[in-house]
Amino acid sequence: MKVFMQSLGCAKNQVDSEMILGVIKDHIELVGQADEADLILLNTCAFIEPARKEAIDTILELAEIKNKTKAKLVVCGCLPQRYKEEISTLLPEVDRFIQIDEYGNLGRILNQVMKSNYHFKESYTPLERVYSTPDYMRYVKISEGCLNRCAFCAIPLIRGTLKSRTIEDIVTEVQKEVDSGVYEINLISQDTTVYGYDLYHKLALVDLLKELVKIEGDFKIRLLYLYPEIVTDELIDFIKNQPKMMKYFDIPIQHSEDKILKAMYRRSCKQKMKQLFQKIRLEIPSATLRTTLMVGFPFEEEEDVDHMIEFINEIQFDHIGAFTFSLEENTPATKYPNTIPEDVKMRRYERLMQAQEQIAYQQKQKKVNTIVEDAFIIGYDEESYLYVARCDAFAPDEIDGCIYVAAKKELTLGQRIKVRILDADAYTLTGEQIE
């Protein structure tokens, strides 16, 4: 059976897609184009309105191909999970919608859709995946769902409450990846800092990390999606003192102003967040700081954006992701006055990102004439004749930027090299390989 798989949304969804393919991998041939497939699989995101629009547009595009080729079209993930009742009626082009809570029966469902009798695997597990990442890096999802109930966020409505994997299960997966030669392990979840609270009745992230760094091998661990109020001193000290931990702090704060944070149902406050980032900078001067911010939330005024820009100028984040507020049905924010026009939200977004561009440029300039010890090759740019690399300071999927590298001899994907940085702009570094 020929299968085409397309995954939308975040890295957590990407892991789900790899696990979906893991259930059926013994009986399929993966193809690169939908019009070559007997079965078209689409894994969707439904976190915010633009993600839902992308999902629906993609469904309609794939449905046109399905109608020409007579393939079956199956849609999985957040969209069918969130809209269980109405989605089949709204999109009759799809042969089957599979909700997230049906993943345990994937093999049986796909056999029914295809009118086949393949002996698909019975378990949907992180230990059986068809990887879509390069051989040198993996995403490892350590938990599902979320204990936070932020006023703007639909994730708990889609993914439910916190469900952590056991430490033993995660260690088994990481050991397997390291044994196969993986260098970069990215631990992900909706809120990585709260890992294990449901299983062990305490914050168990450091306990997990202590077991992971015992694994023998040449690898490093990156943590993604940390909640600011539970980035503990213990966690900072562990990252500081463990050579296998990347000194990378991805801490989405959403906003800087207390009145907005309170309306968002965030537990953070401006002063505590400032103290946290100052502590990280003091304890680990080489640390990379990344955050995510939202503009246009109800009650926000222009002066709040002014203050947020002052905040990011003070903290000097290396990387920032930002987005405009999207009103999500059945979230607490629906009870607020949503009176900020979309064009105003976009102007505030542009102001914020223009300010960050200047900060990012200043931060990158500090790297000029330094040496990156562990850059790893992720590609080659045909136009510039330069290799493309990442290091601890740049997360996967090009969300942070990259390093362009001049080399005197051919390099291979995943190869680790030393790079002397010669130039920089707001989002990239440029350098040369040194021995």
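## Exercises on a predicted model

By the sulfur-distance rule, the count comes to zero disulfides, a disulfide being a pair of cysteine sulfur atoms within 2.5 Å. The model is predicted, so local features need pLDDT of at least 70 and side-chain atom pairs count only at pLDDT 80 or more, while totals for chains, interfaces and linings use all residues. Residues are numbered from 1 along each chain as its sequence is written, and side-chain values use heavy atoms, with hydrogens and water left out.

**Exercise 1. Determine how far the sulfur of Cys-76 lies from the nearest cysteine sulfur, and why Cys-153 forms no bond with Cys-150**.

Step 1. For Cys-76, the nearest cysteine sulfur belongs to Cys-78 and is 11 Å away; Cys-76 is in no disulfide.

Step 2. For Cys-153, the closest cysteine sulfur is in Cys-150; because the separation is 6.0 Å, it is too far for a bond.

Step 3. Accessibility completes the description. Buried means under 20% relative accessible area, exposed over 50% and partly exposed in between (1.4 Å probe, protein chains only). Cys-76, at 0% relative accessibility, therefore counts as buried; Cys-153, at 15%, also counts as buried.

**Exercise 2. State which residues of helix α5 are buried and which elements cover them**.

Step 1. Locate the helix. Helices (H or I, at least four residues) and strands (E, at least two) are DSSP runs, numbered from the N terminus. Helix α5 spans residues 106-114, and seven of its nine residues are buried.

Step 2. Name the residues: Leu-106, Gly-107, Ile-109, Leu-110, Asn-111, Val-113 and Met-114.

Step 3. Identify the cover, which includes α1 (11-24), β3 (39-44), β4 (72-77) and β5 (96-98).

Step 4. Inspect the end of the helix: just after α5, Lys-115 has a positive phi of about 50°.

**Exercise 3. Describe the largest nonpolar core and the contacts of Leu-209**.

Step 1. Apply the definition: a nonpolar core is a set of buried Ala, Val, Leu, Ile, Met, Phe, Trp, Tyr and Cys residues joined through side-chain atoms within 4.5 Å. The largest such core has 54 residues, and those with the most contacts inside it are Leu-187, Leu-209, Ile-221, Leu-223 and Phe-249.

Step 2. Helix α13 (residues 302-315) supplies the largest share of this core, six residues.

Step 3. Contact means heavy atoms within 4.5 Å. Leaving aside neighbours within four places in sequence, Leu-209 touches Leu-187, Ile-221, Leu-223, Leu-235, Phe-238 and Met-245.

Step 4. Another core, of 46 residues, lies apart from the largest one; Val-3, Ala-37, Cys-76 and Ile-87 are among its members.

**Exercise 4. Place Ile-359 in the structure and list its contacts**.

Step 1. Ile-359 belongs to helix α14 (residues 342-365).

Step 2. Its relative accessibility is 0%, so Ile-359 counts as buried.

Step 3. Setting aside neighbours within four places in sequence, the contacts of Ile-359 are Ile-312, Asn-313, Gln-316 and Phe-317.

Step 4. For a longer distance, take Arg-165: Ile-359 and Arg-165 are 194 residues apart in sequence and 38 Å apart in space, C-alpha to C-alpha.
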